[in-house]
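Here are some exercises to work through with the structure open beside you. Try each task before you read its solution.

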Amino acid sequence: MLLPDAERLLADLTERIRREISTDTAMVGIHTGGAWLAERLQRDLKLPLPLGTLDISFYRDDFDKIGLHAQVRPSDIQFEVEGSDIILVDDVLYTGRTIRAAINELFDYGRPGSIRLATLIDRGGRELPIAPQYVGAVLALPADKMLALEKSSTDKLSLRLYDKALRDND
Amino acid sequence: MTNNPQLNKSGQLQHLLTTEGLPAPILLTILDTAESFVGVTERDVKKVPILRGKSVFNLFFEPSTRTRTTFEIAAKRLSADVVNLNIAASSQSKGETLLDTVNNLSAMHADMFVVRHSQSGAAHLIARHVKPEIHVINAGDGRHAHPTQGLLDVFTIRHYKRDFRSLRVAIVGDILHSRVARSQIHALTTLGVPEVRVIGPKTLLPSKVERLGVHVFHQMAEGLKDVDVLLMLRLQNERMVSARLPSKEEYFKYYGLTQEKLALAKPDAIVLHPGPMNRGVEIDSAVADGKQSVILPQVTFGIAVRMAVMAILAGH
């Protein structure tokens, strides 16, 4: 299956977001793919607020079933969340459960003025009422496939498709 | 691996009873997870929902304020419900056995027991007895082990010193009666610290302590030379009664950590103490409150480490 070029989708997303932000907008990326994207967006859009990253492991709704992820990374939010204008970034939007967890975690830092959602790929299959404002591309994928963002040694981003059985899914 | 009562059939942590025999990857997962919880405890809302609806029972058969409080805070920051039981003052004095107490609390749908007991092996006994969905954390059993203290000490060391494989660590004081020292030694050697020393008078060192892979010193002047980390132990007053030591003053003279003795270690050496401190016995106030002391950060990190242990156990 031919996958879209992640760099082109990101460039396109960057230009669309550029028209709708101010210097008070903060980027928050969800580990790991979303954090890479948010870092690039923050840099290319020259946003002054420090980049935020979230690891939603402690907020997942399937903890009882799968336990704690072996590699939990620290969440890092250095700007004042109270009243802030946040763009939450993830690589692949699917069930919406990750975004639910991320929004809950953000609220434990403060009450944001607004949160928008940007994603490189929307693969449908929503199980919660979550709607993105910025989407790179919509892709219909079989349920047994998992789509992940990868970063090369030269920081080039690309998409890769896995069989779900071979990799634990986020 | 199947012989280790702390691990389940897949080799995952089921109970935390001792740092002895725990593989390095499990120790490192606990430390890395604790790193994420440090961030949580610095936020406005110092709470995550991960143990929502779970019940943690603190079973303290031996008095403790600090350890019990930090376990209680850790459980509450994970959104668990916490029940504190000081059993010395309850059913046990009416003759109920340890396992009867545990059975009764299990019938109240406990998910996790945190156990402190004066008898070595008490937490093991409970772990072998409970149903597989219940997790047990040893919060100190006799002279045997106090694994979360050992883990928070290595967490603190890693925070300040980064690489375990280049460190010289000295444990100073009453090694003989110290469950903390044993837990520290096992954690440090598993994580690859090349030189662990113990320093103390002969009467307070276990015979054949070298078998644990440590170097033995009886003089601070030799033992502290070129050391990166000093782990001070609390001198328990009851040891004086048992005539293992002549007096507090004499102990302080030879083994109490003063600025002069600390100057024998590396200039950037850090000083840890599990608390509560006996100022003027094992440590001088000038050192305890000095710039090389990391005793208060230890307390803060202790909560994050206990949160990590509970979160990891509850997921298995």
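The exercises below concern a predicted model, and each task is followed by a worked solution.

**Exercise 1. Find the strand order of the open sheet of five strands in chain A, and name its edge strands.**

Step 1. Follow the pairing across the sheet: the order is E2-E1-E3-E4-E5 in chain A, and the pairing is parallel.

Step 2. Look for strands that pair on one side only; these are E2 (52–54) and E5 (134–138) of chain A.

Step 3. Add the twist, which averages 25° from one strand to the next.

Step 4. Check one pairing in detail. E1 (residues 25–30) and E3 (residues 85–93) of chain A run parallel and are joined by five bridges. Within this pair, A:Val28 has A:Leu88 of E3(A) as its bridge partner.

**Exercise 2. Determine which strands of that sheet are touched by helix H1 and by helix H2 of chain A.**

Step 1. Start with H1 (residues 6–18) of chain A, which packs on the sheet and touches E3, E4 (114–122) and E5 of chain A. The direction of H1(A) makes about 150° with that of E5(A).

Step 2. Turn to H2 (residues 33–44) of chain A, which also packs on the sheet; its contacts are with E1, E2, E3 and E4 of chain A. The direction of H2(A) makes about 155° with that of E1(A).

Step 3. Look at the loop between E1 and H2 of chain A, where A:Thr32 is found. A cis peptide bond joins A:His31 to A:Thr32, with omega at about -5°.

**Exercise 3. Describe how strands E6 and E7 of chain A pair, and find the residue with a positive phi in their hairpin.**

Step 1. E6 (residues 145–151) and E7 (residues 157–163) of chain A pair in the antiparallel sense, over seven bridges.

Step 2. One bridge to locate is that of A:Met146, whose partner in E7(A) is A:Tyr162.

Step 3. The hairpin has five residues between the strands, and A:Asp155 takes a positive phi near 70° there.

**Exercise 4. Work out the order of the open sheet of four strands in chain B.**

Step 1. The order is E2-E1-E3-E4 in chain B, with parallel pairing.

Step 2. The edges are E2 (81–86) and E4 (135–141) of chain B, each of which pairs on one side only.

Step 3. On average, neighbouring strands of this sheet are turned by 15° against each other, direction ignored.

Step 4. For one pairing, take E3 (residues 112–117) of chain B, which runs parallel to E4(B) and is joined to it by five bridges. B:His117 has B:Asp141 in E4(B) as its bridge partner.

**Exercise 5. Are helices H1 and H12 of chain B parallel, perpendicular or oblique to each other?**

Step 1. Two packed helices are described by the angle between their axes and the distance between the axes. For H1(B) and H12(B), the angle is about 120° and the axes are 8 Å apart.

Step 2. Compare the angle with the cut-offs: 65 to 115 degrees is roughly perpendicular and over 145 is roughly antiparallel. H1(B) and H12(B) are therefore oblique to each other.

Step 3. For the handedness, H1(B) passes H12(B) in a right-handed crossing.

Step 4. Now inspect the residues that meet. Those of H1(B) include B:Ile30 and B:Phe37, and those of H12(B) include B:Phe301 and B:Met307. By class, this contact has twelve nonpolar, two polar and no charged residues.

**Exercise 6. Characterise the side of chain B that touches chain A.**

Step 1. The contact takes 16 residues from chain B and 16 residues from chain A.

Step 2. The elements of chain B that give two or more residues to this side are H1 (24–40) and H12 (295–314). H1(B) provides the largest share, six residues.

Step 3. By class, this side of chain B has six nonpolar, six polar and four charged residues.

**Exercise 7. Decide whether B:His109 and B:Arg162 are buried or exposed.**

Step 1. Most residues other than glycine have a negative phi, and most peptide bonds are trans. Phi is positive for B:His109, near 65°, and for B:Arg162, about 65°.

Step 2. Place them: B:His109 is in the loop between H3 (98–106) and E3 of chain B, and B:Arg162 is in the loop between H5 (147–161) and E5 (168–172) of chain B.

Step 3. Apply the cut-off, by which 12 or fewer other C-beta atoms within 10 Å means exposed. B:His109 has 9 and is exposed; B:Arg162 has 10 and counts as exposed.

Conventions
Residues are numbered from 1 along each chain as its sequence is written. Chains are lettered from A and ligands numbered from 1 in the order in which they are written. This is a predicted model: local features need pLDDT of at least 70, side-chain atom pairs count only at pLDDT 80 or more; totals for chains, interfaces and linings use all residues. Two strands pair if DSSP finds at least two bridges between them. Axes are lines fitted to C-alpha atoms, for helices over the stretch in contact, and angles run from 0 to 180 degrees between N-to-C directions. Two residues are in contact if their C-beta atoms, placed from the backbone, lie within 7 Å. Ala, Val, Leu, Ile, Met, Phe, Trp, Tyr, Cys and Pro count as nonpolar, Asp, Glu, Lys and Arg as charged, and the others, Gly among them, as polar. Angles under 35 degrees count as roughly parallel, over 145 as roughly antiparallel, 65 to 115 as roughly perpendicular and the rest as oblique. A crossing is left-handed if the near helix is turned anticlockwise from the far one by less than a right angle, and right-handed if clockwise. A residue is buried if 20 or more other C-beta atoms lie within 10 Å of its own, exposed if 12 or fewer, and partly exposed in between; C-beta atoms are placed from the backbone.
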